[in-house]
Amino acid sequence: MGWEALAYWGKDATRLKRLTGGVANDVWSVRIDGRLAIARLGTRSDADLGWEMDLLQHLDRNGMTVPIPIPTVDGRLFVDGLVVMRYLEGGPPETERDWRRVADTLRELHRLTQDWPQRPGWRSSTDLLKADRGTRIDLTAMPAEGVARCRAAWARLAGRPTCVVHGDANPRNILMTEDRVALIDWDESHVDVPDLDLELPHNAADLDPDAWDIAHQASAAWEAAVCWKDDFSVRRLAEVRAV
């Protein structure tokens, strides 16, 4: 159906401008019932989208600022891969203080999602100690030596509690104002060890040297595997120590 599905949000629903930054989705600003909103069209399954919408609603109910879904006229939260979400104002973190606020927000996410079910089709970093594939990750496509390095980094996370991680807390996906921090673009969110969210500028999560090393190595290994083989993933793999 594609963008024709936007009609389910009302006869006056209108696309306005394509937005940059999306990799897996086509993202536009839209007008719904006279309000500015954001619409995202992708190929995620209904189960995957249902998981994401449940998560965002849970976080919103518990006081976090996230792009909550706007339902269709008949109450659905997505139609044929199309989701419409509320528009959020803000700018990226810039200072050390900003990043400390981001770290606090990520820790709140982790606190609110302990025992959350895994995103359909996904695997955690520690699952990949044995599994070869999970959603966008295919370890069989990587060189064997690189896989061994990634697994050695993830093995240091084994046995730790899990929760939802945002998975891509870079400045493009953070919208800050004076009174709140909003996390957007939850495409990479899944259940994993929270360390994967805590490799932040200025060591904003206040990790001790050993904890920082674990988070850095595990995050570099994850980003190498999930993006393999673009230039960014090759650079991240180079940061993972040889076994």
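Me: What makes E1-E2-E3-E4 an open sheet, and how are its 4 strands paired?

Reply: This is a predicted model. Its open sheet has 4 strands in the order E1-E2-E3-E4, and the pairing is antiparallel. The two edge strands are E1 (14–18) and E4 (82–86), and each of them pairs on one side only. On average, neighbouring strands of this sheet are turned by 35° against each other, direction ignored.

Me: How do you know that strand E2 and strand E3 pair?

Reply: Two strands count as paired when there are at least two bridges between them. Strand E2 (residues 26–32) and strand E3 (residues 35–41) have 7 bridges, so they pair, in the antiparallel sense. One bridge can be named: arginine 31 has leucine 36 in E3 as its partner.

Me: What holds strands of a sheet together in general?

Reply: Strands pair through backbone hydrogen bonds, either parallel or antiparallel.

Me: Why is helix H3 called oblique to H4?

Reply: The axes of helix H3 (residues 144–155) and H4 cross at roughly 140° and come within 8 Å. Angles over 145 degrees would count as roughly antiparallel, and 65 to 115 as roughly perpendicular. The crossing at roughly 140° falls in neither range, so H3 is oblique to H4.

Me: Which hand does the crossing of H3 and H4 have?

Reply: The crossing of H3 and H4 is left-handed.

Me: What makes the empty space lined by Gly167 and His190 a cavity?

Reply: A cavity is space where a 1.4 Å probe fits but cannot get out. The structure holds 1 cavity of 30 Å³ or more. The largest cavity has a volume of about 50 Å³. Its lining consists of Gly167, His190, Leu196, Ser219, Trp222 and Glu223.

Me: Which helix gives the most to the lining of the largest cavity?

Reply: Helix H4 (residues 209–227) does, with 3 residues.

Me: How do the residues of the cavity lining divide, and why does Gly167 count as polar?

Reply: The lining of the largest cavity has 2 nonpolar, 3 polar and 1 charged. Gly is placed among the polar residues, so Gly167 counts there. Glu is listed as charged, so Glu223 falls in that class.

Me: What is known of the second largest pocket, and how many residues line it?

Reply: The second largest pocket has a volume of about 230 Å³. It is lined by 14 residues. Nearest its centre lie Ala169, Asn170, Glu199, Leu200 and Glu223. The lining of this pocket divides into 6 nonpolar, 3 polar and 5 charged. Glu223 also lines the largest cavity.

Note on methods: Residues are numbered from 1 along each chain as its sequence is written. This is a predicted model: local features need pLDDT of at least 70, side-chain atom pairs count only at pLDDT 80 or more; totals for chains, interfaces and linings use all residues. Side-chain values use heavy atoms; hydrogens and water are left out. On a 1 Å grid over the protein atoms alone, a cavity is a set of points where a 1.4 Å probe fits but cannot get out, and a pocket is an open set with protein on both sides within 12 Å along at least five of seven lines; lining residues have an atom within 4 Å of a point. Grid points are joined across faces, edges and corners, and a volume is the space filled by probe spheres set on the points. Axes are lines fitted to C-alpha atoms, for helices over the stretch in contact, and angles run from 0 to 180 degrees between N-to-C directions. Angles under 35 degrees count as roughly parallel, over 145 as roughly antiparallel, 65 to 115 as roughly perpendicular and the rest as oblique. A crossing is left-handed if the near helix is turned anticlockwise from the far one by less than a right angle, and right-handed if clockwise.
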